[in-house]
Amino acid sequence: MEFSSMPELLSSFNRNARPSWVGFMLTFMLLVNLNVQAQTTATSPVGTRKTWGVIDGITIEGLVQGPSAAESSLQVACLFEYTEDDIFKSPPALPPALNGLVHLDEALKGQLTEIRKSGRFAGHALETLLLTPKAGSMKAPRVLLIGLGDRQAFTPELMSQVGAVALREAVRLGVSHFAFASDLKDAGIDSPTALVAEKVTQGIVGAYRSELYLKSKGLSTFKPVAKVTLLAGPAFFTTAGEGIQKALSSLQSN
């Protein structure tokens, strides 16, 4: 059966019927477009918190919050190799009001940018630097910076290793609760949110299982990690949760 083209279909209606038909179609298309926009721009308010699951004694929690304002014993923040004003150029970086790295730099009185700009923290992949901010400048008493390397070479798979480094450093420091911010969107990388969250979760749990194995063999002693809080922006909380839950489901079966 051969189908008519849209112009041919419209011309088959009489002149009185055509305006109402076209109006109906335009209204329908507008409603569909508005519905799609509403779904893609849905946000979760700052402070939204949810436990996505518990695995190997660790509560995996999601929180809509920036790294400077999240309460934990250790805050992890991820950074690419420095380029001039990279976290401040919007776009591609998130606007200052929504940019966790900008807020972190403000809490540190500009020292985050100075450390990066001077090369004292180059941001090479998996490079780490531990900071102890002045008391009261932010919620966490210590900040662990983890490098992401060249932004042009970034792949989500790196986040498994980043998550593992975060967990091992938390164990080494003896903290029972740490917060993790990937900060990719803040830095202007349009990364797949769910996949990144999935990889981070896999890296954290995988590394903790290795620590538990070493402890069972008498090769390590450490304070258990009770909770990990994975931070997300208002527009990415739900999508990140999907990735976290996918990782937990896969890890629970292994």
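What follows walks through the fold of this chain, from the overall layout to a few individual residues.

The model is a predicted one. Its chain holds 7 helices and 7 strands, and reading from the N terminus the elements come in the order α-α-β-β-β-α-α-β-β-α-β-α-β-α. Of the 254 residues in the chain, 43% are buried. Contacts reach a long way along the sequence: among those with a separation of 6 or more, 72% link residues 24 or more positions apart.

The strands come together in an open sheet of 7, ordered β1-β2-β7-β6-β3-β5-β4 and mixed in its pairing. At the edges sit β1 (49-55) and β4 (128-131), each of which pairs on one side only. Direction ignored, neighbouring strands of the sheet are turned by 20 degrees against each other on average.

Starting from the β1 edge, β1 runs antiparallel to β2 (residues 58-64), and 6 bridges join the two. Within this pair, Val54 has Thr59 of β2 as its bridge partner, while Arg49 stands opposite Leu63 in β2. The hairpin they form has 2 residues between the strands, and here Asp56 adopts a positive phi near 55 degrees. On to the next neighbour: β2 pairs with β7 (residues 227-232) over 6 bridges, this time in the parallel sense. One of the residues involved is Val64, whose bridge partner in β7 is Ala232. As for exposure, β2 is mostly covered, with 6 of its 7 residues buried.

The sheet also has helical company.
Neighbouring strands are, as noted, turned by 20 degrees against each other on average, direction ignored. Helix α5 (residues 158-173) packs on this sheet and touches β3 (74-79), β4, β5 (143-147) and β6; the direction of α5 makes about 155 degrees with that of β6.

Helix α5 has a helical partner too. Two packed helices are described by the angle between their axes and the distance between the axes. For α5 and α6 the angle is about 40 degrees, and the axes are 7 Å apart. The two helices are therefore oblique to each other, since angles under 35 degrees would be needed to count as roughly parallel. The crossing of α5 past α6 is right-handed. On the α5 side, the contact is built from Met159, Ser160, Gly163, Ala164, Leu167, Arg168 and Val171. From α6 come Val196, Lys199, Val200, Gln202, Gly203, Ile204, Ala207, Tyr208, Ser210 and Glu211. Sorted by class, this contact has 9 nonpolar, 5 polar and 3 charged residues.

Gly203, found in helix α6, gives a close-up of that contact. Gly203 counts as buried because its relative accessibility is 7%, against a cut-off of 20%. Setting aside residues up to four places away in sequence, Gly203 touches Ser160, Gly163 and Ala164. Gly203 and Leu158 are 45 residues apart in sequence, yet their C-alpha atoms are 9.5 Å apart in space.

Just ahead of α6 comes another buried spot. Leu184 belongs to the loop between β6 (177-181) and α6 (193-216), and its relative accessible area of 2% makes it buried. Residues up to four places away aside, the contacts of Leu184 are Phe80, Leu148, Phe154, Ile189, Ser191 and Val196. Val196 turns up again here, having already appeared on the α6 side of the helix contact. From C-alpha to C-alpha, Leu184 is 9.6 Å from Leu101, with their positions 83 residues apart in sequence.

Leu101 leads on to helix α3 (residues 100-107), which is largely enclosed by the rest of the structure because 6 of its 8 residues are buried. The buried residues of α3 are Gly100, Leu101, Val102, Leu104, Asp105 and Ala107, and what covers them includes β3 and α4.

Arg116 lies in helix α4 (residues 111-117). Although charged by class, Arg116 is buried, with a relative accessible area of 4%. Neighbours within four places in sequence left aside, Arg116 is in contact with Leu79, Phe80, Glu81, Tyr82, Asp86, Ile87, Phe121 and Arg151. Phe80 is thus a contact of Arg116 and also of Leu184.

Technical notes: Residues numbered from 1 in each chain as written. Predicted model: local features only at pLDDT ≥ 70, side-chain atom pairs only at ≥ 80, totals over all residues. Heavy atoms only, no water. Helix = DSSP H or I, 4+ residues; strand = E, 2+ residues; numbered from the N terminus. Buried < 20%, exposed > 50% of the residue type's maximum accessible area, 1.4 Å probe, protein only. Contact = heavy atoms within 4.5 Å. Pairing = 2+ DSSP bridges. Axes fitted to C-alpha atoms, helices over the stretch in contact; angles between N-to-C directions. Parallel < 35°, antiparallel > 145°, perpendicular 65-115°, else oblique. Left-handed = near helix turned anticlockwise from the far one by under 90°.
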